[in-house]
Amino acid sequence: MATTATEATKTTAPAQEQQANGNGNGNGEQKTRHSEVGHKSLLKSDDLYQYILDTSVYPREPESMKELREITAKHPWNLMTTSADEGQFLNMLIKLIGAKKTMEIGVYTGYSLLATALALPEDGTILAMDINRENYELGLPCIDKAGVAHKIDFREGPALPVLDDLVADKEQHGSFDFAFVDADKDNYLSYHERLLKLVRPGGLIGYDNTLWNGSVVLPDDAPMRKYIRFYRDFVLALNSALAADDRVEICQLPVGDGVTLCRRVK
């Protein structure tokens, strides 16, 4: 989340790179937070977020997703993972719109991918793209155990060439019900233009990290981690572009690190 290093993969921030969200003191030390790995909650109260996890998320989390979440927690880049509450949100969203053919740009170990695969019908499909097969294969045993691996078509490499090939095939236009993007922020707008051709009218595109750890409202001279500052302008540009795009209806939600849903209307 520059292009050659992270295209079509989730942000490669090490676990120790705690996001600058006001939870540390002036010396850069971090206070203890809730137990969710990859936590990106924008809630002011950690206790409230933990309540949501303990009451509504963890008790309903499928065993395969729990196992994958625990495996991912041991990975040095675990901040890249989709949070458990966002995984639950995606799973329900897929069911609500009756999606059958979907796409995911940025996979990491596959937590959000598994959430989607479990929600799809038996003949549903996911075109999944990431530059790092090794991370994907870390979660593959959990996906296999859940019995949904046959729904996934994983492509290792940058996403833009794959999307361009799809756009060149007129039969692929409007053939996808849902696309989820959690990848290199500097390419989000490029993805958007292509996805608007591939996702059907009435279909959804979900963009992750659109509140970018709350940095979107911070002054330019505020202290931020390097990777937060580097991609901040790209996130701001995306948010402005989506707000002005009459080809979509949008809804920006404070789930995880911010998710913006775009419903294609043109």
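**Buried faces, strand pairing and positive phi angles in the predicted model**

In this predicted model, helix α8 (residues 188-198) has Y188, Y191, H192, L195, L196 and L198 as its buried residues, where buried denotes under 20% relative accessible area (exposed over 50%, partly exposed in between; 1.4 Å probe, protein chains only). Viewed down the axis of α8, these buried residues fall within an arc of 155°, so they line one face of the helix; the arc is that of the directions from the helix axis to the C-beta atoms. Helices (H or I, at least four residues) and strands (E, at least two) are DSSP runs numbered from the N terminus. Residues are numbered from 1 along each chain as its sequence is written. Local features need pLDDT of at least 70.

Strand β1 is mostly covered, with four of its five residues buried. It is joined in parallel to strand β2 (residues 125-130) by five bridges, with K101 opposite T125 in β2, and it pairs in the parallel sense with strand β4 (residues 176-181) over four bridges, where E104 stands opposite F180; pairing requires that DSSP finds at least two bridges between two strands. Together, β1, α5 and β2 form a right-handed β-α-β unit, that is, the path from the first strand over the helix to the second runs clockwise with the strands pointing away from the viewer.

Most residues other than glycine have a negative phi. Y108, in the loop between β1 (101-105) and α5 (111-119), has a positive phi near 55° and, at 1% relative accessibility, counts as buried. N209, in the loop between β5 (199-208) and α9 (226-244), likewise has a positive phi, of about 70°, and counts as buried at 1% relative accessibility.

Definitions and conventions: This is a predicted model: local features need pLDDT of at least 70, side-chain atom pairs count only at pLDDT 80 or more; totals for chains, interfaces and linings use all residues. Side-chain values use heavy atoms; hydrogens and water are left out.
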